[in-house]
Amino acid sequence: MEKAKWIACPENFVAPVIFKTFTLSSPVSASIAVTGLGFFTLFINGKRVSDQLFVPALTDYEARDMRKWSYPLYDITTHRIFYLRYDVSSLVHDGENLLELRLGPGWYRQEERFAEGPMSFGRELKGWFCAEFESASGEKTYLRSDGTELCRHSQITYSNLFVGEVIDANVSAENAETAPVKVVPAPDSIFEEQTCPSDRVIRTIKPTFLHKNGDRAFYDAGESISGRPVVIAGGRPGEKITLRFADELTPEGELDCASTGGLCRLRSGKYQIQQDVFIQSGEKTVFAPEYVWHAFRYIEITGSFDELTVDVIHTDAPVIAEFESSAPELNWLFDAYIRTQLDNLHNCIPSDCPHRERLGYTGDGQIAAKSAMLTLDAKGVYKKWIQDILDCQDVLNGHVQHTAPAMGGGGGPGGWGCAIVIVPDEYDRHYGDREMLEKCYPHMKSWISYLKSHSTHGLVTREEDGGWCLGDWATLHINHSSARFVNTCYLLDCLTRMTRIALELGYTEDAKAYQAYEKYVRAALVREFRDGATGSYHAGIQGSDAFAVLTRLEGWETAFQNMAKKFADLGYFDSGFLATEYIVDQLITYGEENVAYDLLTSHKLGSYWYMAEHGATTVWEDFDGRESHNHPMFGAPARHLLDGFLGITQPEDSKAYARLLIAPKVPAKLEWAKGSTVLPCGKVAVSFENNGETVSFTVNVPEGVPAEFVYGDRKATLVPGENSFVLPYAGKK
């Protein structure tokens, strides 16, 4: 492999095809290691090698000048590039063979979306491959990229990840401009095989025709999805088909592109409108963008065509959970969260939105991580994304970026940067991976040191110069939460976690130091933010008391009661996306499940059902819908339908659900609910029927797992298979 060389195509080649012929004698086996930057697809003898899309998965490929970003960074980060390995034995044959490595710009050469600053890694698309063949006689031969290859233009004449593609079916291998490749230096990056799951076409939708406006036809996919259109057409040579996409329609039936980034200006000065253009050749052709995904529900199409379908595309992370209940509001929340999270899994990254930024924001990613792990087969996703977070940490001062891989953007040191502690810790708790903790521990230590160096008298007061230093974010009204309070509470939460992790890994002196610092920070928070008269912290503004409960600050029980009363009276969420998850968690945990239920089923502005009543099929970025309509961060409380109301959880000292604790918290108004999930120990299912006087429970647990059932003051040891109980209602009425 080390003899293979990196080869690059001329800058003016939009989506080039690198090709090479080679001769084999009686091949019986063949394998190839290959990659391309930005994305690649590999063909052998005209046949596509894999159904994977958008490979290799996005990483912090190689060094860029981050000083020119909107929020400048001077950090030194770690760079990594994946290659993929394929068995191509069935695709090669005796005699002459053809290898085609097709490249698309992807993230590597992305020069239009400019809100975070210049994101591009390089101008020249490039590739690398090393193939091994074995003949019937046992002789091995090799084919390596070496600079003797040629490249040609493809049918893709424009491609931008944030906009779309132009595909001209009149371009062919026979008439396309051809040029030699050149050998370029290997990137100064870690080079390793990709093991995380890739994007794939998961399912196909036949959209519904809505109406026409002149020569423009409008279609509805029925839900907000991420993916691509597939158009079959055989029109006149040169005739164009133009497709545009959006999550919403205006009252007049036109595309409303605002929530999908359509109000953002590109570097060219144009608006960021998702659009594909297909140019017909006279032959019946299947058109579909190759190196771009869109996020949309509605399609506007201009031009003649024969058939339109939609491919739903995201990282292959199967849904492993189910939930259904007597409350349509809860059912909508669960389904909308699942759809939103899947729409935001691309390149093995949990992104903030699948259209406007498409970035792995660490704040959004960490707050929804537990929900994703409980509802999706997401182990490979988070194992990879944790590595992205580690790679994007400054190797000198420990600073953690707001996006991973680092692509710019804003956030804060608490809810964002603390992902480097929280996500590996929750990953270990859910999947049981001590090696992950051991690998991350030095990075976690470095981050705690960074926060300490950016604190004053125990309170986190700043981050990087020229960047954001947010506390919570996306509150319903003007954000009045204190960044110092929120960030310091996150520091305190991380110190508590670090004490436990250090003890588990045998770093007893570290644990003592964390305990001492925790005591100092705790005292600073109480001194600065506790109201002695009311017992609230930071006046309970927009969920502030939830952070006090999270960190068990002095008098947290009173802060909890104040928070519960506030939201019981309010009847909706005025909190940001960080506090909202903690509010729901704490209300259910500490006996106020009825308040949690009322909030989750509220119809007021500031509720999930408000989104549903306004046509949403995915969770919005804001409770009033002013920004993106496909953001998973506010969907994080969906997990509490399973681990809260149905009580599917584990004891505090258990990992990977080696012991099960089924402890339902049944709201008085919830007549019935049922759900299941596949845990590392196996599938667990819980259902109940509540008539107000008694609750009938059915619990199914797998073989070989100690399991306990707790409801009110009743406890029972569960046996493998089905368990049934009829108990008096134990909650508040």
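**Salt bridges, sheets and a surface patch in the predicted model**

Arg113, Glu116, Arg356, Glu357, Glu621 and Glu627 are joined to one another in a network of salt bridges. The structure described here is a predicted model. Across the whole structure, a search finds 58 salt bridges. Three further pairs are described individually below.

In one of these pairs, the side chains of aspartate 65 and arginine 67 form a salt bridge with an N to O distance of 2.8 Å. Aspartate 65 is partly exposed, with a relative accessible area of 28%. Arginine 67 has a relative accessible area of 52% and therefore counts as exposed, the cut-off for that class being over 50%.

A second pair lies within a helix. Glutamate 438 and arginine 434 form a salt bridge in which the closest N and O atoms are 3.1 Å apart. Both residues belong to helix H6, which covers residues 434-453. Because the two residues are four positions apart in this helix, about one helical turn separates them. Glutamate 438 is partly exposed, at 39% relative accessible area. Arginine 434 is likewise partly exposed, at 40%.

The third pair consists of arginine 659 and aspartate 653, whose side chains meet in a salt bridge at 3.0 Å from N to O. Arginine 659 is partly exposed, with a relative accessible area of 34%, whereas aspartate 653 is exposed, at 59% relative accessibility.

Two of the sheets in the model were examined. Strands of a sheet pair through backbone hydrogen bonds, in either a parallel or an antiparallel arrangement. One open sheet contains six strands in the order E5-E4-E7-E2-E10-E13, and its pairing is antiparallel. Its edges are formed by strand E5 (47-48) and strand E13 (178-180), each of which pairs on one side only. Within this sheet, strand E2 (residues 17-24) and strand E7 (residues 95-104) run antiparallel and are joined by eight bridges. Threonine 23 has glutamate 96 in E7 as its bridge partner.

Another open sheet has five strands, ordered E26-E33-E34-E35-E38, again with antiparallel pairing. Strand E26 (321-325) and strand E38 (721-728) are the edge strands, and each pairs on one side only. On average, neighbouring strands of this sheet are turned by 10° against each other, direction ignored. Five bridges connect E26 with strand E33 (residues 672-679), the two strands pairing in the antiparallel sense. Glutamate 322 stands opposite serine 676 in E33.

Helix H1 spans residues 328-343 and has 16 residues. The distance from its first C-alpha to its last is 22 Å, close to the 22 Å expected at 1.5 Å a residue. Of the 16 residues of H1, 13 are buried, so the helix is largely enclosed by the rest of the structure. Buried here refers to a relative accessible area under 20%.

On the surface, Ile76, Val395 and Leu396 make up a nonpolar patch. Together these residues have about 310 Å² of accessible area. Isoleucine 76 lies in the loop between E5 and strand E6 (80-87). Isoleucine 76 is partly exposed, with a relative accessible area of 44%, and therefore exceeds the 30% that a patch residue must have.

Terms used. Residues are numbered from 1 along each chain as its sequence is written. This is a predicted model: local features need pLDDT of at least 70, side-chain atom pairs count only at pLDDT 80 or more; totals for chains, interfaces and linings use all residues. Side-chain values use heavy atoms; hydrogens and water are left out. Two strands pair if DSSP finds at least two bridges between them. Axes are lines fitted to C-alpha atoms, for helices over the stretch in contact, and angles run from 0 to 180 degrees between N-to-C directions. The expected span of a helix is 1.5 Å times one less than its number of residues. Buried means under 20% relative accessible area, exposed over 50%, partly exposed in between (1.4 Å probe, protein chains only). A salt bridge is a side-chain nitrogen of Lys or Arg within 4 Å of a carboxyl oxygen of Asp or Glu. Patches are made of residues with over 30% relative accessible area and no salt bridge: like charges are joined within 9 Å, nonpolar side chains (Val, Leu, Ile, Met, Phe, Trp, Tyr) within 5 Å. Accessible areas come from the Shrake-Rupley method with a 1.4 Å probe; for residues, only the protein chains shown count as cover.
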